[in-house]
Amino acid sequence: MAIKKDLSIDYLGVKCENPFFLSSSPVGGNYDMVAKAYEAGWAGVFFKTVGIFVADECSPRFDNTNKEGLPWLGFKNMEQISDKPTELNFEFMYRLKRDYPEKILVSTIMGSSDAEWAALAKMSEQAGADLIEGNFSCPQMTSHAMGSDVGSNPKLVKQYTKAVVKATKIPFIAKMTPNITSMEVPARAAIEGGAAGVSAINTVKSITNIDLDNMTAMPVVNGKSSISGYSGAAIRPIALRFVAQLFQDPTVKDVEISGIGGIETWRDALEFLLLGCRNLQVTTAIMQYGYRIVEDMANGLAHWMDERGYDRLDDFIGIALPNIIPAEELDRSFKVLPAFDTKKCIGCGRCYVSCYDGAHQAIDWDAKKRRPVLNDECVGCHLCLNVCPVKDCITPGEIKWKKRAKKVSPVVQVNYD
Amino acid sequence: MSKVKTGSYTSEAVRGFDHRTAMEEAARCLLCHDAPCSEGCPAGTDPGKFIRSIRFRNPKGAAETIRENNVLGGVCARVCPYDRLCEEACSRTGIDRPIEIGKLQRYAVEQEKAFRMKVLKAPRGRKNQGAVACVGAGPASLALAAELAKAGYRVTIFEKEKKAGGVLTYGITPARLPQYVVDQDIAAVKGLGVEFEFGTEIGKKITAQDLIEQKGYDAVFIGAGLWQGRSAGVPGEDLKGVLTAVDFLKEARTKGGYAAMKDKTVVVVGGGDVAMDCATTAKLSGAAKVAIWYRRSVEEAPASMDEIRYAHDLGITITTEFAPKAFTGKGKKVEYAEFTGRDKKSSATAACDFVVLAIGQTAEDMSKITGASLSGKGCIAVRKGGKTNLPGIFAAGDIANGGKTVVEAVAEGKEAAASIITYLKKKAVKPAKKAVK
Ligand SMILES: Cc1cc2nc3c(=O)[nH]c(=O)nc-3n(C[C@H](O)[C@H](O)[C@H](O)COP(=O)(O)OP(=O)(O)OC[C@H]3O[C@@H](n4cnc5c(N)ncnc54)[C@H](O)[C@@H]3O)c2cc1C
Ligand SMILES: Cc1cc2nc3c(=O)[nH]c(=O)nc-3n(C[C@H](O)[C@H](O)[C@H](O)COP(=O)(O)O)c2cc1C
Ligand code: SF4
Ligand code: SF4
Ligand code: SF4
């Protein structure tokens, strides 16, 4: 029997069977797609952003980055909000809520004036949405009154949030753009305007590749291209950073945050939960692999909870956050020397090359035995450990104390994947 | 669907990499310091360097490294026994399995062709350093000629056949080594200005010594290979249908298969790569049944496991520990092959239409070509750098080492080139003594 764990969670007063949602994008763009996603196990959907404005899309509109033959490190899209008529989108939402009352429907909207935001909020309410998300963050809108230009302007964020909150009682979530230095600023503005939560992040402005035949970025649209949003695995570290900073902000920390950006596996999802997120959203991994990925997200998370003896998500949500501290507060009184397992070592010499060319010339190379030999220059940076291709070959070893340091045994990493 | 692989005489045994799969494989490479794979290549092809080029998206750089270090890099990529050379040395083996170095090399050489690269160019204005003649256009001579041409020497290769390549063109099956691969490598040698005289058998009208004394060459290199099929020394070898491997393969290679074997039963005797090639050639030529008979065990067989597996895949059987006793037939044609067991108790008789003897090659009569001392097996006796006992006469490859591999012939050819250069410099050869030819 497959493992069963209670993955349910209360998010903004709404009971969700698990924290896994489709994020607003083509993966949740019509009735049939969302219905299929629900049946695959997703707890809810942030429906593809609906506006009064209906998008007229370019073709082609996607590209991806790769490294050493591994594709989709990151994914670039040049899409705008929904290209379907406004009424049709709300009709999809209405039918979804009618046919799947247990699943959670979030209407993601974008207006270009107070009146439009209010009207879209009203329509969302009529369609039966459980929650409303405001898209302040699409980087490829063609008007400054919409998209990430709005999201980086706290005044507009607050103003439009107010317009929505005035029009409906449904909790409102403001979706943030990462194309900004301090996300806390617009997040605070949204909260001041009455937002119940924030979601982060939307896509990162990017140029993924230059096409060497057409001398423009990719994808190539009739010989030209644009800067546009980057998503997928490559942006997860950036998303985690923004989310952590939101939770560290004295104002923002009290609202609920939905984590988005590069989630593919249960482990990625867990990382957002450990920082404090109560909801998780996914697009790129679904575009690449399909809705079925939720099976391993749910099952993998359940197994991890089982290993650690957790029964519900609330037992561990946010527990990593307090351990993320400013660089100036780190304990700098010791260094951890690398320990080399000469039996596991296969003699590739990568540690030697990297330590010489990129660290402190602390490894001598025994050319005859093809083995690294640590000398006294080691500073404990662990570059060698990061490059070694053999699992558990280089591990944290002897602790060396700096002068006058208190010799308490430091906590070190034990598990390297 | 049959589980047995089928194909025509020229269908390729192994599929190569494309950009993506090459990149995936190159990403597995650990990019070792002082790379053991490079140490493992006798010819100095330097896989550690060319794989790094592929990994950093520079397949053209990879092609350059290969071509500069090993002019027969395309051929070696197909036929080298990597499992005993670079791949055996590969560090990655300590984690799971070695990098597929041969296939990456093949990929890089294919890029050279796709991009129409001309990597090797003869130096300008230095054509008159001295002139060297080569006997035979096999791997040893080709590698030597390329080195000498790069250094500015004039080289002429005399070849008794109509085409260059030696065993590459007249032996190894095209399933493993397609002719276009051989031709691409030979084109690189020709591109250096090396001249070829086909249909000229040295030793018939003219000897190696004559090339120096009468034709004005400053040195002669002998890379004649081993072209005498070894006989089994049992009754019935003269029956019609009993062939030696060299003759059989050459005929198949020249005519695009061995049509007479269609729907026939073929017995191949031997356990080396040559025997495997004979068996697969027979099968791909349309033989109904091909059986290999070998006097020792699979463990002892010199053929590489890949070649044995490929023969198996084609539905060829291998019977071990049986040595031929006699070939018999009522008329002039062979009808049965008779064997005795290694255990001295077993015996077997196989009905057949053809027998191919792939039990080794020996040297032809070298004394016709040169007065240099010979070794016990009729090979040319050499010291380091391919020096014979006669000044100005050098030899390498199968005819000197008794029969090894292409890459070793290349390595020895390169070494002999270096020692010829030293020899000619010492002799202080005056440019263009006489008009050559
Ligand atoms: C069937 C077969 C399969 C093999 N498979 C492999 C393999 O998979 N991998 C591997 O590494 N090695 C393999 N080998 C061995 C490899 O082919 C040889 O080691 C290599 O070809 C030796 O090169 P060479 O230049 O010394 O001689 P050769 O390739 O034999 O070339 C000698 C050339 O000299 C010419 N010649 C001879 N006498 C004269 C003369 N008197 N005048 C003018 N020209 C002359 C011949 O016609 C020939 O062209 C195989 C050999 C055979 C027979
Ligand atoms: C093709 C595509 C279209 C998107 N469209 C929208 C959109 O209409 N509204 C929105 O708020 N976010 C949109 N996004 C952003 C995603 O919802 C999400 O915030 C982002 O892709 C990061 O998550 P991921 O790494 O899981 O894809 C889109 C993303 C992609 C890839
Ligand atoms: S920890 Fe840093 S300095 Fe020490 S051996 Fe490793 S790479 Fe070199
Ligand atoms: S990187 Fe690891 S496997 Fe390679 S030589 Fe160093 S310790 Fe050994
Ligand atoms: S030895 Fe293997 S892993 Fe190391 S560089 Fe060579 S091919 Fe790559």
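Domain bounds here come from an automatic or database domain assignment. The model on screen is predicted, and the tour begins with its chain A.

**Chain A: two domains**

Select residues 9–323 of chain A, which form domain 1, and then residues 331–401, which form domain 2. Taken over C-alpha atoms, the centres of domain 1 and domain 2 of chain A are separated by 42 Å.

Next, select A:Lys103. This residue sits in the loop of chain A between helix 2 (86–99) and strand 7 (104–110). Is A:Lys103 buried or exposed? A:Lys103 has a relative accessible area of 11% and therefore counts as buried, the cut-off being under 20%. Its side chain reaches the backbone oxygen of A:Tyr38 at 3.0 Å. Display the neighbours as well: leaving aside residues up to four places away in sequence, A:Lys103 touches A:Glu17, A:Tyr38, A:Gly41, A:Trp42, A:Ala43, A:Lys97 and A:Asp130.

**Ligand 4**

Move to ligand 4, which has 14 residues around it. Those that come nearest are A:Cys345, A:Cys348, A:Gly349, A:Cys351 and A:Cys388. Colouring this shell by class gives 12 nonpolar residues, two polar residues and no charged ones.

**Chain B: three domains**

Turn to chain B and colour its domains: domain 1 covers 19–114, domain 2 combines 131–226 with 363–427, and domain 3 covers 229–360. The C-alpha centres of domain 1 and domain 3 of chain B are 34 Å apart.

Select helix 4 of chain B, residues 59–69. Its buried residues are B:Pro59, B:Gly61, B:Ala62, B:Ala63, B:Thr65, B:Ile66 and B:Arg67. Which helices do these buried residues pack against? They pack against helix 3 (47–55), helix 5 (73–79), helix 7 (101–114) and helix 10 (179–190) of chain B.

**Ligand 5**

Select ligand 5 and show the residues around it: B:Cys29, B:Leu30, B:Cys32, B:Ala35, B:Pro36, B:Cys37, B:Ile51, B:Cys90, B:Ser91, B:Ile99 and B:Ile101. By class, 10 of this shell are nonpolar, one is polar and none is charged.

**Ligand 1**

Now centre the view on ligand 1, which is surrounded by 33 residues. B:Val79, B:Ala140, B:Glu159, B:Arg176 and B:Asp398 come nearest to ligand 1. The shell comprises 16 nonpolar, nine polar and eight charged residues. Domain 2 and domain 3 of chain B each contribute at least three residues to the shell. At least two residues apiece come from helix 8, strand 2 (154–159), helix 13 (273–284) and helix 16 (406–427) of chain B.

Three backbone contacts can be located here:

- B:Pro139 places a backbone N or O atom 3.1 Å from an oxygen atom of ligand 1.
- B:Lys160 has a polar backbone atom 3.2 Å from a nitrogen atom of ligand 1.
- B:Thr405 places a backbone N or O atom 3.4 Å from an oxygen atom of ligand 1.

On its own, ligand 1 has 990 Å² of accessible area, of which the protein covers 96%.

**Last stop: B:Ser141**

Helix 8 of chain B spans residues 139–150, and B:Ser141 lies within it. B:Ser141 is buried, with a relative accessible area of 0%. A polar atom of the side chain of B:Ser141 lies 2.6 Å from the backbone oxygen of B:Gly136. To finish, show the residues that B:Ser141 touches, again not counting those up to four places away in sequence: B:Cys134, B:Val135, B:Gly136, B:Ile157, B:Phe221 and B:Gly223.

Key:
Residues numbered from 1 in each chain as written. Chains lettered and ligands numbered in written order. Predicted model: local features only at pLDDT ≥ 70, side-chain atom pairs only at ≥ 80, totals over all residues. Heavy atoms only, no water. Helix = DSSP H or I, 4+ residues; strand = E, 2+ residues; numbered from the N terminus. Buried < 20%, exposed > 50% of the residue type's maximum accessible area, 1.4 Å probe, protein only. Polar contact = N/O pair within 3.5 Å; in protein donor to acceptor, adjacent residues only side chain to side chain. Contact = heavy atoms within 4.5 Å. Near = heavy atom within 4 Å. Areas by Shrake-Rupley, 256 points an atom, 1.4 Å probe, with all protein chains shown as cover. Nonpolar A, V, L, I, M, F, W, Y, C, P; charged D, E, K, R; others polar.
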